[in-house]
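Subject: Structure for your review

Dear colleague,

Please find below the sequence and structure that I am handing over to you. My account of what was found follows directly after them.

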Amino acid sequence: MKHRWKAGAALAALAVLIPMAGPAQADRGGNNDVAKLVREVKGSHAKLHLHALNLIAKANGNTRVDGTKGYEQSVKYVSTLLKLAGYNVTVQPFTFESEEFVTTPVFEQTAPTAKTLALLLDWYPAAGSAEGTFTGKLQNVDLVVPPGPVANTSSSGCEAADFAGFTPGNWALMQRGTCNFSVKVANAIAAGAAGAAIMNEGQPGRDGIIIPDLGGQVSIPVVGLEYYAGEALSKVAGGATVKFTFEGGTEVRTFQSSNVIAETRGGRKDNVVMVGGHLDSVAEGPGINDNGSGVAGLLETALKLAKYKPKNAVRFAFWGGEEFGLLGAEHYVTNLPEAERNNIGLYLNYDMIASPNYMFGIYDGDDSDAVGAGPGPFGSDLIEKEYEAYYTSRGLPFQGTDFSGRSDYGPFIEVGIAAGGLFTGAEGRKTAAEVAKYGGVLNGRYDPCYHQACDDIKNISDTALDVNTDAIAQLTGTYAFSIEKLDAIHQPGKPHEVPVAARSASTGHSHSADVEAARSAS
């Protein structure tokens, strides 16, 4: 009851911040109004929404994942504020299934100090690993730390000679490189290893977690590690003792979720400005940066925009099911009649806009970085340029980030709708060049609490939240108040064209940690 009272009090307190709809002001809707909107939008007000979402999570098992009271109350919180502000609000329910582990695998360091490694961030069970509960002491096997300059510098575990001096009964800590994972594990077994942990090699692009494919079942437990997690374990004086618990059984669960869609009452309906971000968290935590931050920025912008008279209708979307594979956005786009889909001028996505060790990432609409997926649909390049102009006007650094398919822009790109958005980083590691631009922790995760219980109200950069909430207002206002800028991207009611590159850009599944399944280590 204590937490419920606090959540209710937070909702009541935030209500005073809502600009209640009144008579439309004459001649509103121009560049001057964009500047006014940006001035009115406050990062500190967005932070209050984060406090409310944090309280909701605390009252409901520290999560706001789909299918829980935490998510239901998040939906109620967002939809209530938007209704009070005067929007036409629709709560769109949907059902989905997801295959889950019956028992969540655990890999932890138990000595000399205790530390639990995060599944899908630090490690993952190998395909073919033995199941059960195992404990052992790690012993380094011919590691190259720090890594060499190019791939396959390391040949850790590839030769029987690498195990000279290995103590039977220990776990072998090996490194990706040169030979197949199955060869490394076979050599470890021959040397008497009771288990094996294989870390990535460590060069750029070879530093995330791996899922070693062993080509079949093996007799010992095997896990794949992110390079930095393996490096930390390799440096434990005297060797770290680890415990691994793995039962491979899975079950299919049915989840109920919903999207919240809120649209301005005024504005042209044949070329809608659509902006959104996902409302759900993962089961492991409250999701305050991922993606309470995007939700908070969107809410603050929507509540301030409510007193304006936009020339183009604006539709705010708060998606469910993102952490299970962009399911809410996919449900919405798939079930939208073609004529209504053709009335969407563009889609702007805000997912993780306040990471503690942030970078200012702009989705690369024109593929000028030539990294990963190709360009977005026609007009995405113009959206990117608007973001760049905003950061430049603030004297702030920025960089491109790939349309990797890991967030809710994916279903929109797939049907040819121009897209853009902002991202301050997830489980990736900050580079030296980025530290020079933004400050922060070299090789530290952009969000050190990504998909974990500690993604709470303390896991936020107030600076990034303030800057990017203003950016949401800037881009929303730019396209809401200018018919010309929106028409330059999409002609009213015209069918969208789907470029081949856009199709390939939207094939990912949520922005959960990237993992690499590989039979070969080369």
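In this predicted model, strand E11 (residues 250-263) pairs with strand E13 (residues 312-319) in the antiparallel sense, over 4 bridges. One residue pair to look up is Ala 262 and its bridge partner in E13, Phe 316.

Both strands belong to an open sheet of 8 strands with mixed pairing, ordered E1-E11-E13-E12-E14-E17-E15-E16. Strand E1 (88-101) and strand E16 (399-401) stand at the edges with a single partner strand each, so one side of each has no neighbour in the sheet. On average, and with direction ignored, neighbouring strands are turned by 25° against each other.

Two helices may be considered together with this sheet. Helix H7 (residues 288-305) packs on the sheet and touches strand E12 (268-278), E13 and strand E14 (344-350). The direction of H7 makes about 150° with that of E13. Helix H8 (residues 327-334) lies across E1, E11, E12 and E13, and runs at about 125° to E1.

Strand E14 deserves separate attention. E14 runs parallel to E12, to which 5 bridges join it; here Val 275 stands opposite Leu 348 in E14. E14 also runs parallel to strand E17 (residues 419-423), with 4 bridges between them, and Tyr 350 stands opposite Leu 422 in E17. Is E14 buried or exposed? Of its 7 residues, 7 are buried, so E14 is largely enclosed by the rest of the structure.

I turn next to the nonpolar cores. In soluble globular proteins, nonpolar side chains tend to be buried together. The largest nonpolar core in this model has 91 residues. Those with the most contacts inside this core are Leu 82, Tyr 87, Phe 318, Tyr 350 and Phe 412. Which helix gives the most to this core? That is helix H13 (residues 462-480), with 9 residues.

Tyr 87 can serve as an example from this core. When its neighbours within four places in sequence are left aside, Tyr 87 is in contact with Leu 82, Ala 262, Glu 263, Thr 264, Arg 265, Ala 302, Leu 305, Ala 306 and Phe 316. Among these contacts are Ala 262 and Phe 316, the bridge partners described at the start.

A second, separate core has 19 residues, including Phe 107, Leu 138, Val 242 and Phe 246.

With kind regards

Technical notes
Residues numbered from 1 in each chain as written. Predicted model: local features only at pLDDT ≥ 70, side-chain atom pairs only at ≥ 80, totals over all residues. Heavy atoms only, no water. Pairing = 2+ DSSP bridges. Axes fitted to C-alpha atoms, helices over the stretch in contact; angles between N-to-C directions. Contact = heavy atoms within 4.5 Å. Buried < 20%, exposed > 50% of the residue type's maximum accessible area, 1.4 Å probe, protein only. Core = buried A, V, L, I, M, F, W, Y, C linked by side-chain atoms within 4.5 Å.
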